[in-house]
Amino acid sequence: MAVVERNTKMKETEKIYSCEVKKLFLRNGIKRREWAKAVVADAIRDEATEFRCKDCHGAVRLRGKLVKDGSAPHIEHKSRQDSEYCAAGMYFRQHPEREPRMSESPVA
Ligand SMILES: [Zn+2]
């Protein structure tokens, strides 16, 4: 019985489906790379290479290509600290008394 229980118990993972990606904008004839909000699945399709959290601007890990449980492409915070205090963070949601704040090491 213990073996079955261990195999079926899913490790809780963070899944955030929207993010910010660096995009090239043309403003007054000048090309600039700026952060823009995007759905993770769309960003992958657009071949975006730089991602960050849209809420805390922290570094994220992309879970896009091979998601074992069949869920849509998503991101998760690289830093547990970010997840603890980001409005989109899995750990933050476990602490309803907390105020969200920006990452201490935001991706510029
Ligand atoms: Zn965040």
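A nonpolar core is a set of buried Ala, Val, Leu, Ile, Met, Phe, Trp, Tyr and Cys residues that are joined through C-beta atoms within 7 Å. With that idea in hand, we can walk through this structure, which is a predicted model, from its overall plan to its interior.

The protein has four helices and five strands, and, read from the N terminus on, these elements follow the order α-β-β-α-β-β-β-α-α. Of the 108 residues in the protein, 24% are buried. If we consider the contacts whose separation is 6 or more, 45% of them are made by residues 24 or more positions apart.

A good place to begin is with the strands. Strand β1, which covers residues 18-27, pairs with strand β2, residues 30-39, in the antiparallel sense, and the pairing extends over 10 bridges. The two strands form a hairpin with two residues between them, and in the turn N28 has a positive phi of about 50°. Within the pairing of these strands, L26 of β1 stands opposite K31 in β2. Strand β1 is also joined to strand β3, residues 51-52, by two bridges, and these two strands run antiparallel as well. Here V21 has F51 as its bridge partner in β3.

That partner deserves a longer look. F51, which has its place in strand β3, is buried because 22 other C-beta atoms lie within 10 Å, where 20 or more are enough for a residue to be called buried. When its neighbours within four places in sequence are left aside, F51 is in contact with C19, V21, A43, V60, L62 and I75. As for V40, which is 11 residues away along the chain, its C-alpha atom is separated from that of F51 by 9.0 Å.

We can now return to the definition with which we began. The largest nonpolar core of the protein has 14 residues, and those with the most contacts inside it are C19, A43, F51, C53, V60, I75 and C86. To this core, strand β1 and helix α2, residues 40-45, each supply at least two residues.

I75, one of the core residues just named, offers a second view of this region. Leaving aside its neighbours within four places in sequence, I75 is in contact with I16, C19, V40, F51, V60, R61, L62 and R63. Among the contacts of F51, counted in that way, are C19, V60 and L62, and these three residues are also found among the contacts of I75.

Key: Residues numbered from 1 in each chain as written. Predicted model: local features only at pLDDT ≥ 70, side-chain atom pairs only at ≥ 80, totals over all residues. Pairing = 2+ DSSP bridges. Buried ≥ 20, exposed ≤ 12 C-beta atoms within 10 Å, placed from the backbone. Contact = placed C-beta atoms within 7 Å.
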